[in-house]
Amino acid sequence: MRILAIETSCDETAVSVIEATGGFTRPHFTVLAHLVSSQVKLHAEWGGVVPSLAKREHSKNLLPLVVEALRTAKVPVASREKTGHQLTLATIEEIREILEREPELLSFFLDTVPALTVPDIDAIAVTQGPGLEPALWVGINCAKALSKSWNAPVIPVNHMEGHIVSVLTSPESKVNFPAIALLISGGHTELVLVRDWHDYKILGQTRDDAVGEAFDKVARILGLPYPGGPEISRLAETEPERERDFRLPRPMMESGDFDFSFSGLKTAVLYLARKKEPLSNIDKVEIATEFQEAVIDVLLRKSVKAIEAYQPKTFIIGGGVIANQRLRQAFKEYLDDEYPKIKLLVPEAALTTDNATMIGLAAYFRALEQKELTTDFSLAAKGNLSLT
Ligand code: KG4
Ligand code: ZN
């Protein structure tokens, strides 16, 4: 099955083309195109993602990226005569309505897509949520318009499920159930029991800030640019060998449940930074290192609790924060030592932060479950879409 996948839930406009075969137990994926157009530089000026700017950028960049992805993937195309998908005036009118709120998308669409031949794709995957609703709508409306134009079905995807399946692109990455997934990104922090594909239970989640958000906010306190995660981890790598004269809290580490809280940790950093002002470079390095250690301690402690309670065969970590090398290493060392039978799966580098390949993979699994694929043109963006 060849899938064109679209992701616009936050500040990356992403389009992938994947080819998928096999069933749930032995899926095989080939990534034919994996394009990400990041808006990070734009949002960095504001210190965080601005939803209206994100929407505008997605509208501008999405369709050109779709065209480029199809070209990169060398997707075979056929003329409209041959496929029988002629664009009638009535269909164009429907597309106009679908794209009513996306003027940039509409004008590019009308200029380009009717003239395009029809690409040989079996489905269009798109992120339905969770994420920023104005941003999600751009992807959804674009998918619906393409569906009308090419007569291909749209498969809606939960972004968090995308982060779970993002570990599946390597051939050895088979998931044995039950599995536990730790999902850590700019918007989410969740511990999920994966009893089987599409059979999830959220064990715990953050009660306030997401881990990535905490990285971003702490970076801001330290005067580092957005996004803060990579900046903090870079600083933490340069730590000099000396004892720190302070310790940050590990919020909710022994709370007895699987929930998290990171806003107190961020506030502790703020007070510490104020006390030490003006911050020297060594201060910054030490705060970044201690903050990162505090986050890792909490994530690891809660994960171990979940492992003890549910005895998983596979432990998955997904989401932008797993780009953090120290975090990866800490989990790997701990699991190797204490739970050598549990297989740890993390995504390859290109699939850690938001991308459309993971959305295509998740869509393939959804497609396997359905007898017939059709487009639901009433599909709506859901900012708070949950896994369960
Ligand atoms: O999954 P993602 O791309 O987007 C969301 O779905 O939110 O995650 C982005 C988050 C940002 O908060 C960013 O600071 C964080 O992932 N991040 C990192 C690192 N690289 C990205 N956090 C810690 N260490 C990193 N190396
Ligand atoms: Zn994400």
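**Zinc site, helix pairs and unusual backbone geometry**

Along the sequence, the donor residues of the zinc ion (ligand 2) follow the spacing H-x3-H-x190-D. The model described here is a predicted one, and the zinc site makes a convenient place to start. The residues behind that pattern are His 159, His 163 and Asp 354, which offer the atoms NE2, NE2 and OD respectively. These protein donors lie 2.0 to 2.1 Å from the zinc ion (ligand 2). The site has four donor atoms, and the angles among them run from 92 to 149°. The geometry is classed as irregular, because a tetrahedral site with four donors would need all angles to lie between 85 and 135 degrees.

The two histidines of the site belong to helix α7, which covers residues 159-165. His 159 and His 163 are four residues apart in this helix, so about one helical turn separates them. Both side chains can also be described by their accessibility. His 159 is buried, its relative accessible area being 5%. His 163 is buried too, with a value of 0%.

Beyond the metal site, the packing of helices deserves a look, beginning with α10 and α11. Helix α10 spans residues 263-276 and helix α11 spans residues 281-310; their axes come within 11 Å and cross at roughly 160°. The two helices are therefore roughly antiparallel. Their crossing is right-handed. On the α10 side, the residues that meet α11 are Leu 265, Val 269, Leu 272, Ala 273 and Lys 276. Their counterparts in α11 are Asp 283, Ile 287, Phe 291, Ala 294 and Val 295.

Helix α11 also contains Ile 296. This isoleucine is buried, with a relative accessible area of 3%. Apart from neighbours within four places in sequence, Ile 296 is in contact with Arg 326, Leu 327 and Ala 330. Ile 296 and Ile 98 are 198 residues apart in sequence, and their C-alpha atoms are 44 Å apart in space.

Ile 98 leads on to another helix pair, since it is one of the α4 residues that meet α6. Helix α4 (residues 89-98) and helix α6 (residues 133-150) have axes that come within 9 Å and cross at roughly 175°. That angle makes α4 roughly antiparallel to α6. Together with Ile 98, the residues Thr 91, Glu 94 and Ile 95 form the α4 side of the meeting. From α6 come Asn 141, Lys 144, Ala 145, Lys 148 and Ser 149.

The loops hold some backbone details of their own, among them cis peptide bonds. One such bond joins Phe 177 and Pro 178, with omega at about 0°. Pro 178 sits in the loop between α7 and β8 (179-184). Another cis peptide bond links Glu 277 to Pro 278, where omega is about -5°. The loop that holds Pro 278 runs between α10 and α11, the helices whose axes cross at roughly 160°.

Positive phi values in residues other than glycine complete the picture. Lys 74 has a phi near 50° and is placed in the loop between α2 (51-72) and β4 (77-78). With a relative accessible area of 70%, Lys 74 is exposed. Met 252 is not a glycine either, yet its phi is positive at about 60°. The loop in which Met 252 is found lies between α9 (228-237) and α10.

Definitions and conventions
Residues numbered from 1 in each chain as written. Chains lettered and ligands numbered in written order. Predicted model: local features only at pLDDT ≥ 70, side-chain atom pairs only at ≥ 80, totals over all residues. Heavy atoms only, no water. Donors = N, O, S within 2.8 Å, 3.2 Å for Na, K, Ca; no water. Tetrahedral: all angles 85-135°; square planar, octahedral: opposite > 155°, others 65-115°. Buried < 20%, exposed > 50% of the residue type's maximum accessible area, 1.4 Å probe, protein only. Axes fitted to C-alpha atoms, helices over the stretch in contact; angles between N-to-C directions. Parallel < 35°, antiparallel > 145°, perpendicular 65-115°, else oblique. Left-handed = near helix turned anticlockwise from the far one by under 90°. Contact = heavy atoms within 4.5 Å.
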